[in-house]
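Reader: I would like to look closely at one part of this model rather than at all of it at once. Please choose a part and take me through it slowly, explaining any term that you need on the way.

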Amino acid sequence: MYAVEVENLTKIYGKGESAVTALADASIQVKPGELVAILGPSGSGKTTLLTSIGLINEPTHGTVVIDGTAVADEGWLPGIDLKRLRREKLGFIFQAHNLIPFLTAQENVMIALEINHLTRSEAKTRATELLGALNLGHRLNNYPSALSGGEAQRVAIARALANKPKVILADEPTAALDTENGKNVMILLKKLAFENHSAILVVTHDHRMVEGFDRIFHVNDGRITKDS
Ligand SMILES: Nc1ncnc2c1ncn2[C@@H]1O[C@H](COP(=O)(O)OP(=O)(O)OP(=O)(O)O)[C@@H](O)[C@H]1O
Ligand SMILES: [Mg+2]
């Protein structure tokens, strides 16, 4: 079974003369444990692809299946609980870390767990473990403003992973980092794909980072043109 199955996905923003076709008949299948890159020029549809898979951007046509659950077929399927699926199956990592500024590193991770109904003390234990595993054990009580870019991005990764999602979606996760921190983030994603058996889709412009992916997809003008 695939973790992500997208078939003939088309996304048209707007209507009439101002309509923009951001994705046209794009298909992609990713297995559990696979780390894949999505490359392409600015405006080619990479973020649209990721947010459609991420259940935050309704496809116009085509089908999306996440971890065996059909979620879209000519738009969202009726009766689909998008919020719940997002919470239970997906983890997001963005270019800017999006940490909550008035929560500590530990609390930023705890909040993702508490949303999924862990008690406060369970959440605290798991957040401490996760941050420790990302070499942030000494930064638990720091606020985001007191973290380096690489540290903040690792906290954001810990938060995305907190619920062991089947699918991790990362939009340029290394763009704001220097080469060394960027490489460390990629090594970490690789390890996570393997250990948690998660499918990880990484949008990147960053040609320094393309080693280590299992497969590379190229997006051009809304079309997935090559799958090497
Ligand atoms: N909300 C929106 N409304 C209208 N058009 C949009 C919207 N979001 C994206 N687009 C258009 O859809 C196309 C694809 O955008 P998308 O953000 O997916 O590209 P991208 O490959 O992620 O680009 P970048 O590398 O710059 O982030 C672009 O032409 C963009 O202008
Ligand atoms: Mg984008």
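Author: Two strands are said to pair if DSSP finds at least two bridges between them, and with that in mind we can look at strand β4 in this model, which is a predicted one. Strand β4, made of residues 61–66, has strand β1, residues 4–13, as a partner, and the two run antiparallel and are joined by five bridges. To find this pairing in the picture, look for V6, which stands opposite V64 of β4. Strand β4 is also joined to strand β5, residues 69–73, by four bridges, and these two strands again run antiparallel. Here the residue to look for is I66, whose bridge partner in β5 is T69. Between β4 and β5 there are two residues, so that the two strands form a hairpin, and D67 in its turn has a positive phi of about 50 degrees.

Elsewhere in the chain, a positive phi, of about 60 degrees, is also found at N135, just after helix α4. That helix covers residues 120–133, 14 residues in total, and reaches 20 Å from its first C-alpha to its last, close to the 20 Å expected at 1.5 Å a residue. Its buried residues are A123, A127, L130 and L131. Seen down the axis of α4, these buried residues fall within an arc of 95 degrees, and therefore they line one face of the helix. The elements they pack against are α3, residues 105–115, and α5, residues 149–161.

Key: Residues numbered from 1 in each chain as written. Chains lettered and ligands numbered in written order. Predicted model: local features only at pLDDT ≥ 70, side-chain atom pairs only at ≥ 80, totals over all residues. Expected span 1.5 Å × (residues − 1). Buried ≥ 20, exposed ≤ 12 C-beta atoms within 10 Å, placed from the backbone. Arc of directions from axis to C-beta. Contact = placed C-beta atoms within 7 Å.
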